[in-house]
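Before turning to particular residues, it helps to consider the fold as a whole and then to follow the chain to the place where it is cross-linked. Please keep the sequence and the model side by side while reading.

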Amino acid sequence: KVECKTCDIFKWWIMKAFYYYYYYLYTKILIPPQPFFVTLLAISFLQSLLINSVLSIAVVSFYCTSINKWHMISVWGVILVVNYFYFYKSERGVRLVKNKPVYFGSNKLTVFFVILVSIIIISWLFWGSFYSRYILSECE
């Protein structure tokens with residue numbers, strides 16, 4: 001059997017490392033009662049922030065209006081359901097924790113990448129509203 005290292009990109013390889021390190025955070029530092037489910041909530045929230053930020057910029061840029069909170073919450077709900085079946089119900093999350101995925105064979109590079117991308121995505125909560133307000137002011 002021939003293994004395809006680049007084919008792993010299409011199997012959510014980025015989210016595998018995110019899932020592992022968020023799980024590690026919740027089991028070693030914060031210690032909630034159900035770390036697999038809390039990890040699922042955190043990963044879903046991070047993904048929804050990314051999708052909502054792109055969606056918000058697109059809607060504000062093309063239609064000069066902003067999306068409301070219920071659209072954003074529904075995006076999070078859909079992502080949560082998809083991740084529930086992908087990671088939790090299929091027990092991929094348990095297998096990921098056992099396998100400890102890394103990028104390019106480097107644990108330090110993986111941790112750096114996960115922290116950097118998480119900070120960039122979470123920063124949308126702070127600068128996104130200012131950027132959207134700027135684009136809306138240009139529409140009028």
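A residue is called buried here when its relative accessible area is under 20%. By that criterion, buried residues account for 32% of the 140 residues in this protein, whose model is predicted.

The secondary structure consists of 6 helices and 0 strands, and along the sequence the elements therefore read α-α-α-α-α-α under the helix and strand assignment used. Taken along the principal axes, the box filled by the C-alpha atoms is roughly 55 × 35 × 30 Å. Of the contacts between residues at least 6 apart in sequence, 72% join residues at least 24 apart.

Turning to the surface, the protein exposes about 9,600 Å², of which carbon and sulfur atoms supply 69%. The protein carries 13 positive and 5 negative charges, and the mean positions of these two sets lie 14 Å apart.

Where is the chain cross-linked by a disulfide? The count comes to 1 disulfide, and this bond joins Cys64 to Cys139 with an S to S distance of 2.1 Å, which is within the 2.5 Å cut-off. The pair links distant parts of the chain, 75 residues apart, since Cys64 sits in the loop between α2 (35–63) and α3 (69–89), whereas Cys139 belongs to helix α6 (residues 124–139). Because the torsion about the S-S bond of Cys64 and Cys139 is about -80 degrees, the disulfide is left-handed. Both cysteines count as partly exposed, because the relative accessibility is 37% for Cys64 and 31% for Cys139.

Methods
Residues numbered from 1 in each chain as written. Predicted model: local features only at pLDDT ≥ 70, side-chain atom pairs only at ≥ 80, totals over all residues. Heavy atoms only, no water. Helix = DSSP H or I, 4+ residues; strand = E, 2+ residues; numbered from the N terminus. Buried < 20%, exposed > 50% of the residue type's maximum accessible area, 1.4 Å probe, protein only. Contact = heavy atoms within 4.5 Å. Areas by Shrake-Rupley, 256 points an atom, 1.4 Å probe, with all protein chains shown as cover. Lys, Arg positive; Asp, Glu negative; His and termini not counted. Charge placed at Lys NZ, Arg CZ, Asp CG, Glu CD.
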